There are 4 protein chains.
Amino acid sequence: MGMMTQMMSATGMDAEQMELMEACIEACAACEQACVMCSDADLGDGMMRCSSMCSTCADVCNAMMRMMMRPTGWDMDAMTAMLRATIAMCTACAAECGMHADMHEHCAMCAQACRDCIAACENLLAAMPAMAGSTAASM
Amino acid sequence: MGMMTQMMSATGMDAEQMELMEACIEACAACEQACVMCSDADLGDGMMRCSSMCSTCADVCNAMMRMMMRPTGWDMDAMTAMLRATIAMCTACAAECGMHADMHEHCAMCAQACRDCIAACENLLAAMPAMAGSTAASM
Amino acid sequence: MGMMTQMMSATGMDAEQMELMEACIEACAACEQACVMCSDADLGDGMMRCSSMCSTCADVCNAMMRMMMRPTGWDMDAMTAMLRATIAMCTACAAECGMHADMHEHCAMCAQACRDCIAACENLLAAMPAMAGSTAASM
Amino acid sequence: MGMMTQMMSATGMDAEQMELMEACIEACAACEQACVMCSDADLGDGMMRCSSMCSTCADVCNAMMRMMMRPTGWDMDAMTAMLRATIAMCTACAAECGMHADMHEHCAMCAQACRDCIAACENLLAAMPAMAGSTAASM
C-alpha cells in the first residue's frame, strides 16, 4: 500500500482520508475474494440465490476497488454513487449469507467480509465532502 | 439474447421491461468495449484523465451488465443503486471524452457509447418500480 | 467496431488479420455473456460444476477480449499464451455444458458460444506468426 | 485464507499444494493491485506502453485468481494454460516496468509484484502433475 499512499498524497488528500481510502480498498479486495469463494462453495450446498448474489457482489467490489486505485480520473459524483452501490450490494449479500452463517462457515466469513466492506465504504463516504474541498483540482 | 429473454421471463418481468433490460445489457457491453479501446488510444494522445476515467467506466459497465445477467440473485435496492452509479460514471466519462471529440474519433465514439448507456440505464430505472411490484417473489 | 479497425491498422496488421481479431473480440464478448447467463441459470438446475466453469470461462474471455482491445501494449508471447488459455478454458466449458445441452437450452447456447470462441481463437492463433512479422515494431 | 484452505482440502490437495496455491492467489491479487495503480500513475509519466500492459496484466491476474478460487469447476488443462498465460503476461509487464524502475517508484513496485507472481505461478505449475494425481475425481 506504500504506492497507493504516495499516489493519493498527490491528490491533496490528508492523512486521515488516505487511511480511510486504503482501508476501503483492502475491504473491497477482501470482500471480492470472500464472495468468489462463497459463490463457488454455495454450489455444493444448494444455495442458488446466495451464489448468484456473491458473484455480483464480487464484481461490484472489484470495480469499486479499481475506481479508488485510479486517482487520475477520480470524479466525486461517480465515486459517491459507486460507494452507495457497493454498500447496497454488500448489504443484500450480507443479509442472504447471514441466513446460512450457522450452517456454512464460508457464508459466515463472506457475510462478515460484506459487513466490513459496508463499514469501510460508509466511513469513506462520510469523509467525502471534506475530500471534495481539499482535492477540487484533481476531482 | 434469446437466452436472456427466457431467463428474464421466469422472473415475472413483462415484455416491455425485458426489452428495456436487454437494451441496457447491450448498451453496457458496448460502452465497456468503447471505453477499453478509448482508454488505450488516449495513451498515444496524451489524455491522462480521459484514459483513467475510461478504464473505470469499463469496469463499472461490466459489473452492471453482469448484475443484470444474473436474475437468480437480483436485489432491487442494489440494482437501483448500481444503475445510478453507472449513470454517474458514464456522465463523467462522456463529459471528459466529449471535450476531445472533435480531435479524436475514439473519444467521439466513446462519448456516444456513454450517452447511449446513460439513456438505457435511465429507461430501465424508470421502469424499476413496476418491476418491483411484478417480481416481488424473485427480487 | 469501426474504432477497433482504425486502431489496429496503426499496428501494421493487414486486412485479413484485422478481420480475424475483430471476430475473436466479438466471440469472446459473446462467450462471456453466454457464460454469465448459463452460470446463473445452472444454479436453479443443480449443475454445480457447470456453473463454476462458466463463471471462470466468462472471466477468462473478458480478459482475452480486453487484451486484444489494447494494441498499445501488445506482447506476442502473452497474446499467444492467453489465446491458448482461452481455448483450453472454453474447451473444458463446452464439454461440460455439452453434457446438458439436450436438457437445458442455456447450456446448448453456452456450449455453442464456447465452440465459436475456440474457433475464433484458433483462427487468430494461426495468423499470429504473420502478425509477428508485420508488426514487429509495436509488438 | 482460512476459507480457501477448507475448500481446497475438499479437493484432495495435500498441505504443500495448498500452500503453493494460496501463495499464488495472494501473488495474483497483489499483482492486480500493483498493475492497476501503476497503469494509472504511468499516465502522468507519459509511459503509454507500460500503462497499457499493466491494465491487461491486472485483468489476466484477476482471472487467474478467480479460477483458483473456484475449485468446483477446476480443469487441469485450463489451469495449466492459464498459469502459463499469467507467467507470459507478467514477464512482459515486468520487463517493461523494469525499464522505468529507476525513475518511478510505482514501476519498481509493479515490476517486483509481477516477478513475485511469476515465481508463485511457476511453483504451482511445478506441483500440478502431483495435483492431477491426487485430485483426479474433482479435476
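So, the contact between the two chains: chain A puts in 27 residues, and chain B puts in 27 residues as well. Keep in mind that we're looking at a predicted model here.

Now, which surfaces do the copies use to meet? Well, 100% of the interface residues of chain A are also interface residues in chain B, so the copies meet through the same surface.

You can see how that works from the superposition. Take chain A, turn it by 180° with a shift of 0.0 Å along the axis, and you can lay it on chain B with an RMSD of 0.0 Å. That's the relation of a two-fold axis.

How do people put a number on an interface? Often they give the accessible area lost when the parts come together. For our pair, chain A and chain B bury about 2100 Å² between them, and 64% of that is on carbon and sulfur atoms.

Okay, on to the charged and polar pairs. Between chain A and chain B we count four salt bridges. Have a look at B:Arg70, which forms a salt bridge with A:Asp59; their closest N and O atoms are 2.9 Å apart. Across the interface there are also twelve residue pairs in polar contact, with both residues at pLDDT 80 or more.

And which elements of chain A give two or more residues to the side that touches chain B? Those are α3 (48-68) and α4 (76-98) of chain A. The one that gives the most is α3(A), with eleven residues.

Last bit: sort that side of chain A by class, and you get 14 nonpolar, six polar and seven charged residues.

Key: Residues are numbered from 1 along each chain as its sequence is written. Chains are lettered from A and ligands numbered from 1 in the order in which they are written. This is a predicted model: local features need pLDDT of at least 70, side-chain atom pairs count only at pLDDT 80 or more; totals for chains, interfaces and linings use all residues. Side-chain values use heavy atoms; hydrogens and water are left out. Copies are superposed by least squares on the C-alpha atoms of residues with pLDDT of at least 70 in both. Contact means heavy atoms within 4.5 Å. Buried area is the accessible area (1.4 Å probe) that two parts lose on being put together, summed over both. A salt bridge is a side-chain nitrogen of Lys or Arg within 4 Å of a carboxyl oxygen of Asp or Glu. A polar contact is a pair of N or O atoms within 3.5 Å; within protein, one must be able to donate a hydrogen and the other to accept it, and residues adjacent in sequence count only if both atoms are side-chain atoms. Helices (H or I, at least four residues) and strands (E, at least two) are DSSP runs, numbered from the N terminus. Ala, Val, Leu, Ile, Met, Phe, Trp, Tyr, Cys and Pro count as nonpolar, Asp, Glu, Lys and Arg as charged, and the others, Gly among them, as polar.
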